[in-house]
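Student: I have a chain open and want to go through its charged side chains. Can we start inside one of the helices?

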Amino acid sequence: MNAPTSLPVSMPIPGHIDPVPVPRPVTPREDGRTDLIGLPRPQIATLFQDAGLDAKAAKLRAKQVFHWLYHRGVTEFEAMTDIAKTMRPWLAERFVIGRPDVVEAQVSTDGTRKWLLRTADGHDFEMVFIPDADRGTLCVSSQVGCTLNCRFCHTGTMKLVRNLTPGEIVGQVMLARDALGEWPKGSMASAADDLDLDEDEGSYTADGRLLTNIVMMGMGEPLYNFDNVRDALKLVMDGDGLALSKRRITLSTAGVVPMMARAGEEIGVNLAVSLHAVTKDVRDEIVPINRKFGLEELLQACADYPGASNARRITFEYVMLKDRNDSDDDARELVRLIKQYKLPAKVNLIPFNPWPGAPYECSTPERVKRFAEIVFEAGISAPVRTPRGRDIDAACGQLKTAAERRSRAEMDRLVAEKQAALG
Ligand code: SAH
């Protein structure tokens with residue numbers, strides 16, 4: 001592996017540093033039917049009305065269908081038993097209940113699972129499920145590829161292909177429930193006028209489910225796909241939808257400062273920030289969006305984040321890169337900044353997950369420990385994360401779809417070349 005110290009600091013960073021991704025349109029389905037997944041309830045009602053139902057019937061059917069889709073997880077209209085038998089084919093002719101296709105499912109030796117998924121128009125992306133003793137976290141992607149080019153992130157070496165739609169984002173959560181067998185059983189109310197089925201959202205978290213938490217930490221920058229991420233998370237949080245509490249959802253951003261306040265106001269989930277460095281020079285190099293939105297602006301946006309408090313802290317993610325951002329001075333500066341901006345913060349120290357050709361190495365365990373101690377002794381929680389799913393390239397920053405990945409032989413050759421070059 002390359003030694004990070006050999007990197008010239010001024011080395012140009014490939015790709016754009018001020019990406020304004022133009023959302024590429026989603027290719028419409030060839031059969032002309034409309035996918036209902038990802039649409040808010042009122043829009044489903046409007047579609048039903050456009051297809052010929054009167055307003056009242058459309059609203060009622062939308063409510064029933066919504067419940068079947070998000071609460072019960074059915075994948076066919078035929079299974080919607082409180083909808084008239086003749087109505088079900090009528091729905092199936094006009095609409096579909098989409099799920100991303102599963103191309104491949106892998107399981108790590110530590111139980112972490114990774115799925116390679118494909119959109120209806122043929123783009124690949126990944127999601128990861130991380131089971132723990134007391135929780136299960138689904139790591140959800142927001143884009144196919146990424147524009148940010150963070151230098152230590154494998155996904156960052158992919159081009160942005162397109163934004164994921166609300167349906168493709170919420171679809172990941174639905175697929176995970178499919179795979180984990182976690183749709184509520186129970187009977188559906190049979191009478192159409194007895195549909196007041198809203199459940200307490202708390203009931204979804206305490207009953208021994210595997211999937212309890214969601215992190216928007218897969219491929220992509222969620223705040224560069226704000227509308228779709230918001231619309232998807234609204235369905236995830238809807239009490240008659242997937243009914244997951246906003247307290248169990250975390251959105252991670254590399255620092256798209258202008259969108260942070262809206263994220264707090266319009267989505268209201270927990271915030272994580274990929275900080276990774278505490279000086280302009282280093283952050284400019286490793287998280288190039290820092291050249292657009294600098295550290296002071298970012299930390300001020302954190303201080304202003306709606307809903308952050310000591311009970312709901314902002315998580316600062318900090319990847320440990322050997323000799324790059326891991327000194328005692330870096331740790332002390334991190335503490336100083338958190339105190340200066342009076343941030344209700346905790347710090348997640350992430351050992352760098354290597355990938356072939358990465359220009360960095362992970363800090364030594366002793367260095368990580370010392371860094372953590374300095375932050376912790378200043379009264380800030382600073383757990384060191386245990387890497388999960390490294391053996392199947394499912395750990396932080398390792399996501400990169402198969403189509404984009406080099407062959408194993410090619411990777412081995414590249415690594416050997418680098419080592420030879422270093423003597
Ligand atoms: N774009 C958003 C969402 C991605 S979250 C963001 O940057 O926050 C993915 C997390 O994994 C980020 O904190 C990212 O910085 C971190 N990461 C990326 N590559 C990594 C690597 N090789 N080792 C450890 N963490 C990495």
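Tutor: Start with helix α5 (residues 226–237): Arg230 and Asp227 are 3 residues apart there, which means about one helical turn separates them. Keep in mind that this is a predicted model.

Student: Which other residues are in the salt-bridge network with that pair?

Tutor: Salt bridges with shared partners tie Asp227 and Arg230 to Asp231, Arg262 and Glu266 in one network.

Student: What is the N to O distance between Arg230 and Asp227?

Tutor: The closest N and O atoms of Arg230 and Asp227 are 3.7 Å apart, and the two form a salt bridge. The cut-off for a salt bridge is 4 Å, so the pair counts.

Student: Arg230, buried or exposed?

Tutor: Arg230 is buried, with a relative accessible area of 15%. Asp227 has 39% and counts as partly exposed.

Student: How many salt bridges are there by this rule?

Tutor: The count is 24. In general, side chains of opposite charge can pair when their charged atoms come close.

Student: Which residue does Arg388 meet in a salt bridge?

Tutor: Arg388 meets Asp132, at 3.0 Å from N to O. This pair links distant parts of the chain, with the two positions 256 residues apart. Arg388 sits in the loop between α10 (365–377) and α11 (408–421), and Asp132 in the loop between β5 (124–131) and β6 (136–139).

Student: How accessible are those two, Arg388 and Asp132?

Tutor: Arg388 has a relative accessible area of 19%, under the 20% limit, so it is buried. Asp132 is partly exposed at 41%.

Student: And what does Arg29 pair with?

Tutor: Its side chain meets that of Asp31 in a salt bridge, 2.8 Å from N to O. Arg29 is partly exposed at 35% relative accessible area, and Asp31 is partly exposed at 39%.

Student: Changing topic. Where do positive charges gather on the surface, and in which residues?

Tutor: A patch of positive charge on the surface is formed by Arg135, Arg313, Lys346 and Arg385. One of them, Arg313, lies in the loop between α8 (295–303) and β12 (314–320). Arg313 is partly exposed, at 35% relative accessibility.

Student: Any odd backbone angles? What is phi at Lys342?

Tutor: Phi of Lys342 is near 50 degrees, which is positive in a residue other than glycine. Lys342 belongs to the loop between α9 (328–340) and β13 (345–351). Its relative accessible area is 73%, so Lys342 is exposed.

Student: What about phi at Asp393?

Tutor: Asp393 is not a glycine either, and its phi is positive at about 55 degrees. Asp393 is in the loop between α10 and α11, and is partly exposed at 22% relative accessibility.

Student: Back to helices. Where is Glu265?

Tutor: Glu265 is part of helix α6 (residues 257–267). Glu265 is exposed, at 58% relative accessibility. The C-alpha atoms of Glu265 and Pro306 are separated by 6.3 Å, with the two residues 41 positions apart along the chain.

Student: Now the whole chain. How many helices and strands?

Tutor: There are 11 helices and 13 strands. The chain has 423 residues, and 54% of them count as buried.

Student: What share of the contacts is between residues 24 or more positions apart?

Tutor: Such pairs account for 70% of the contacts with a separation of 6 or more.

Student: And how much area does the chain expose?

Tutor: About 18,700 Å², of which carbon and sulfur atoms supply 52%.

Key. Residues numbered from 1 in each chain as written. Predicted model: local features only at pLDDT ≥ 70, side-chain atom pairs only at ≥ 80, totals over all residues. Heavy atoms only, no water. Patch = residues over 30% accessible without salt bridge, like charges linked within 9 Å, V, L, I, M, F, W, Y side chains within 5 Å. Areas by Shrake-Rupley, 256 points an atom, 1.4 Å probe, with all protein chains shown as cover. Lys, Arg positive; Asp, Glu negative; His and termini not counted. Charge placed at Lys NZ, Arg CZ, Asp CG, Glu CD. Helix = DSSP H or I, 4+ residues; strand = E, 2+ residues; numbered from the N terminus. Buried < 20%, exposed > 50% of the residue type's maximum accessible area, 1.4 Å probe, protein only. Contact = heavy atoms within 4.5 Å.
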